[in-house]
Amino acid sequence: MHEYSIVQSLIELCEKNAEKYHAVRIDKVIIKIGVLGGVEPYLVKTAFNAFKEKTICNDAELIINMQPLIIECNECDSISESKEPYCKCQKCGSTNAEIIDGKDMYLMKLEME
Ligand SMILES: [Zn+2]
C-alpha cells in the first residue's frame with residue numbers, strides 16, 4: 001500500500017532527525033498532506049500507529065494538516081486556493097494554471113525531547 005511506504009520513510013526521517021538533535025523520543029509529528037497527493041489521511045494515521053512501535057516514534061502523536069491546492073493562473077496572474085482536487089483558477093475559471101502547492105506530503109515539524 002502506498003500509505004505504508006510513505007509512513008516508513010516518514011519514520012526513517014524522524015529517526016534521522018532525532019539522531020541529529022540527540023533526541024530520546026519524539027512527542028509529536030506534524031505533517032502536511034496535499035489534497036492532490038493521492039494519500040488518505042486516515043490510512044496514513046493507521047499505518048503510522050502500526051509502524052511506530054519500537055521506533056523513536058513509539059509515543060508520538062501524528063498530526064495531519066490538509067494542504068489545499070494553491071493555484072497560480074496563467075491567464076489573470078492571480079493565486080487562488082482550491083478545495084477541489086483539480087487545477088482551475090478560482091478567479092476567472094481558467095484551467096490554464098499551475099499548481100504551486102498541495103501536491104505532496106511534507107514533514108512540517110517534530111516535537112522531541
Ligand atoms: Zn485566472
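What share of the contacts in the chain with a separation of 6 or more comes from residues 24 or more positions apart? The figure is 69%. Keep in mind that this is a predicted model, and let's walk through it from the outside in.

Start with the overall outline. Laid along the principal axes, the C-alpha atoms of the chain fill a box of roughly 50 × 30 × 15 Å. The radius of gyration comes out at 17 Å, whereas a compact globule of 113 residues would sit near 13 Å. As for burial, 23% of the 113 residues count as buried.

Now for the secondary structure. The chain has two helices and six strands, and reading from the N terminus, the order is α-β-α-β-β-β-β-β. In other words, a strand sits between the two helices in that order, and the run ends in strands.

Next, the interior. The largest nonpolar core is made of 16 residues, and V7, C14, I26, V29 and C57 have the most contacts inside it. Four elements each give two or more residues to this core: helices α1 (2-20) and α2 (41-51), along with strands β1 (26-34) and β6 (105-112).

C14 is a handy place to stop and look around. Leaving aside residues up to four places away in sequence, C14 touches I26, V29, I56, C57 and L110. Of these partners, I26, V29 and C57 also appear with C14 on the list of residues with the most contacts inside the core.

That isn't the whole interior, though. Apart from the largest core lies another one, with five residues, including L69, I71, C73 and C89.

Terms used:
Residues are numbered from 1 along each chain as its sequence is written. This is a predicted model: local features need pLDDT of at least 70, side-chain atom pairs count only at pLDDT 80 or more; totals for chains, interfaces and linings use all residues. A nonpolar core is a set of buried Ala, Val, Leu, Ile, Met, Phe, Trp, Tyr and Cys residues joined through C-beta atoms within 7 Å. A residue is buried if 20 or more other C-beta atoms lie within 10 Å of its own, exposed if 12 or fewer, and partly exposed in between; C-beta atoms are placed from the backbone. Two residues are in contact if their C-beta atoms, placed from the backbone, lie within 7 Å. The radius of gyration is taken over C-alpha atoms; the globule rule is 2.2 Å times the number of residues to the power 0.38.
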